[in-house]
Amino acid sequence: MAPPLMELRDITKRFPGVLANDSVSLSIEPGEIVALLGENGAGKSTLMNVVYGLLSADKGEVRIEGDAVHIRSPRQAIDLGIGMVHQHFMLVPPLTVTENIVLGNEPAHAGVIDFSQAREAVRDISKRYGLAVDPDAVVQDLSVGMQQRVEILKALYRGARILILDEPTAVLTPQEVKGLFEVVRSLVTEGLSVVFITHKLEEVMGLADRVVVMRDGRVVGETRPSETDMAGLARMMVGREVVFRVEKKASGRGDTILEVDDLKVLDERGLEAVKGVSFEVCTGEIVALAGVGGNGQTELVEALTGLREAVGGTISLKGKDFTHAAAREIIAAGLSHVPEDRHRRGLVLDFDLSENVILGDHRRAPFARHGVLDFAAVTDVARKRIADYDVRTPSERVKASALSGGNQQKLVLARELGRDPDLLVAAQPTRGLDVGAIEFVHSQILAERDRGKAVLLVSLELEEIQILADRILVIFEGRIVKEFAAGEASDEDLGYYMTGGSGEKLAFDAEEVRSADDGVDA
Amino acid sequence: MTESMHEMTIRRLLAIVRELAVPIVSVVIAMVIGSIIMLISGFDPVAAFSALLKGSFGGGRQIGETMLRATPLMFTGLAVAYGFRAGLFNIGAEGQLFMGGLSAAWLGIVLAGLPRPLNIVLMILAGAAIGAAWAFIPALLKARVGAHEVITTMMFTYIGRYIVSWLVTGPLKAPGQIPQTDVLPTESTLPKLHEVTAFLPISRAHLGFAIAVVLAMFVWWVLKYTSLGYESRAVGYNPWASETGGISVSATTVKALCISGALAGLAGVTEVMGVHLRLFDQFSPGFGFTGIAVALLAKNNPIGVIAAAILFGALSAGGGTMQLEAEVPQKVIFVIQALIIFLVAAEQIARWIIGRASREGVEHAG
Ligand SMILES: Nc1ncnc2c1ncn2[C@@H]1O[C@H](COP(=O)(O)OP(=O)(O)OP(=O)(O)O)[C@@H](O)[C@H]1O
Ligand SMILES: [Mg+2]
């Protein structure tokens, strides 16, 4: 029998205070799609970073086609045919697609980059694998899904035979996820192998040939989608039964807390992203803002939280005008904000966990008195939040950058919910969380509501919206185009309004692909 | 989940060792390369370094000289380090230093006849204030219109230096040929360290050194244990997350650059009050700029600044002895200083060497 394409043997990696990988063995066959599943902090990213040469293992070996190899840098991994797409893309935004793809491997004559040859090469692979993309487009103008495509092309251009995708779907819209899956399927028919990390069980069921489940740094099981179901996967992962739909009582809607009237907000480029939005959020209810990413949600949330100036309309909180208030005043008025991007806005990655826990409250008792921080109080509260939200960490003194992606998200939630706000504005609150953690966060958000607090939930995920929302507002191109009560709308109804209510959803997708195709054929 | 106290202590110690490794390795490598240069040029590095050591730590007077030369670098190093912690590059510490020196030279005369402790306190406060003021306009420009502080603080350095040049040749000039201000009366000067502490040997070191050390510890405390320091560091690390957490990035920027300016101003105050006792055009040989190197070597840690400033002070104090006794030109000192700066800046090189060494250690052990 031929040796597997790639084999990991007894990989062990220890971080200070954490055994992230504990004798992990795993093999990947040619043309196989392997899903790597596991709780937040189980060690999935660590394992893949070892394979890609970003981390060096303390013990164990990697074999490619039976030969033991020493991978000490991504460069070597690439030379061995391993490609990796990180959750946070590593593209250069102002450069074109072609420039990004060939970066580091430019075809050149006497030191001069041959761009026409580069463009040809990009076209060739993009045709071969069915990854339509315009080679001359500038990366910063592309959608997240397209940028991810560029990342994949980059790996293919460098000759990847094994492609690792770390939570590739966490930032994608449902339509983009479909596109990605088609790409992955076409890659394996071309003989590549794909390892993908995800927390979404339906993706595992729909795409994987084989599922490897990790817990606490070890492989705890291996199965095939045909031999199990989502509940079975969840049980393997978390070690207990998981309810996917948390219990929800009827809403006890009360007084208006947030009132937004004819709000207008500009985006980075000075274009109107929010075009006169009016709505209200009351105590005891969860209002969800449903929409395809990039329809003004980010700008709306930033205006509500004092991070972006409104150019028209008003925002009032508890009856007082907060249209031009600073973030500090808004926080003090009882608003908590879970930002959509935990690395950019949610955390100071170089701060330790306790310092992150007090961000926003760092001038208030009990954390500060007369401008002096009381670290005993800070540590107390930090420990409590870490325990309450099951943030997996050796201590509250490690930097936030040392947490796994999902645990970073839990830390943000622990801080914002732990503050006991009157109004919670949560954008993508469960992004990157495992099923157990999602269940917990959903029950926390519902508990807030049941205690008479108000919640504005912004999510790209219809499932989350359907589970939590008492009212659903659909946003499209900066306007609220439709309102539904809980249980009133099917996913299809929502999808219809989210794409402009013209039933052009499919045409819209096809157009994107077609215009990219034009680029390829031009 | 939780680890034992023992594990935690070990982890912290390891972290400290790792922090110190790069600066120390950089200094050692710089000295090795310096030695090679001396060998190639036909000098004896062993003789040179022993002379250097003798000239900087060989006796009470020599140690005092090292302290004297470390003093202004400690202030400017602190100034630059505080700025860096808030994500600001205060390249204009030199200008703030000149303004601090100017205020001391002027105020010292005005306050003549008043009690010495009062004068010292007032002159220090005034120097810090004018240093802060000199940084305030660049800070405001940064906060309001985003003008980069590297450009603006540098411009203000030129303005400050020319103001001093003009004043010492004109309005504030003491009678005589030399363009300098009047000498300060004793009650407007800093006492020598051996005058205030009975047990220290006689040297030129003055009270400014003690002030700098205490201030370094205070700045360390401010950064770590106050809301102000917390906000400065938060903005330095991640302005978007800071803003989201209700911190005003522009107000924090203004405060941090002013604090940096105040610290730099004190370098000028103590040089005038403790060393020259008057002001002239060339009273600082670029302490503000060397402060950048000190901050880099200290990795922007205020306690590290104490050590880094003493090292630079020692190199400067011992350089003369080295030239005299080992006949190695003092310029070699500049080469070594430049190498240290280069190596710390090119931290990756040092990290790489350390990484290799420890990896090999592990492999041999395993
Ligand atoms: N750079 C680091 N320094 C210290 N500890 C780390 C570091 N990176 C990861 N860890 C720890 O290793 C463990 C595994 O982390 P890893 O990122 O591999 O988890 P993961 O399975 O990818 O989780 P998630 O689903 O949340 O992304 C975690 O407990 C984490 O705290
Ligand atoms: Mg991960």
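**Two interfaces, one inside chain A and one between chains**

Glu355(A) pairs with Arg233(B) in a salt bridge whose closest N and O atoms are 2.9 Å apart. That link is a good place to start a walk through this predicted model, for it takes us straight to where the two chains meet. Across the interface of chain B and chain A there are 3 salt bridges, and the one between Glu355(A) and Arg233(B) fits the rule, which asks for a side-chain nitrogen of Lys or Arg within 4 Å of a carboxyl oxygen of Asp or Glu. The same interface also holds 15 residue pairs in polar contact, counting pairs with both residues at pLDDT 80 or more.

Which elements of chain B give two or more residues to the side that touches chain A? They are helix 1 (5–40), helix 8 (207–225), helix 9 (227–237), helix 10 (239–244) and helix 15 (347–365) of chain B. Helix 9 of chain B gives the largest share, 7 residues. By residue type, the side of chain B that touches chain A divides into 11 nonpolar, 7 polar and 10 charged residues.

Now for the extent of this meeting place. In total, 28 residues of chain B are in contact with 34 residues of chain A. The size of an interface is often given as the accessible area lost when the parts come together. For chain B and chain A, the buried area is about 2800 Å², and carbon and sulfur atoms give 55% of it.

Let us turn to chain A on its own. Its domain assignment gives domain 1 (6–238), domain 2 (245–334 + 421–522) and domain 3 (346–420). Note that domain 2 of chain A is written as two segments, 245–334 and 421–522.

How far apart do the C-alpha centres of domain 1 and domain 3 of chain A lie? The distance is 32 Å. These two domains do touch: 7 residues of domain 1 of chain A are in contact with 6 residues of domain 3 of chain A. The area buried between them is about 450 Å², with carbon and sulfur atoms giving 47%. On the domain 1 side, Glu39(A), Asn40(A) and Gly41(A) supply 68% of the area buried against domain 3 of chain A, more than any other three residues.

Glu39(A) has a further part to play, as Arg392(A) forms a salt bridge with Glu39(A), the closest N and O atoms being 3.2 Å apart. The count between domain 1 and domain 3 of chain A is 1 salt bridge, and 3 residue pairs are in polar contact, both residues at pLDDT 80 or more. The residues of domain 1 of chain A that touch domain 3 divide into 2 nonpolar, 3 polar and 2 charged.

Technical notes. Residues are numbered from 1 along each chain as its sequence is written. Chains are lettered from A and ligands numbered from 1 in the order in which they are written. This is a predicted model: local features need pLDDT of at least 70, side-chain atom pairs count only at pLDDT 80 or more; totals for chains, interfaces and linings use all residues. Side-chain values use heavy atoms; hydrogens and water are left out. Domain bounds come from an automatic or database domain assignment. Contact means heavy atoms within 4.5 Å. Buried area is the accessible area (1.4 Å probe) that two parts lose on being put together, summed over both. A polar contact is a pair of N or O atoms within 3.5 Å; within protein, one must be able to donate a hydrogen and the other to accept it, and residues adjacent in sequence count only if both atoms are side-chain atoms. Ala, Val, Leu, Ile, Met, Phe, Trp, Tyr, Cys and Pro count as nonpolar, Asp, Glu, Lys and Arg as charged, and the others, Gly among them, as polar. Helices (H or I, at least four residues) and strands (E, at least two) are DSSP runs, numbered from the N terminus.
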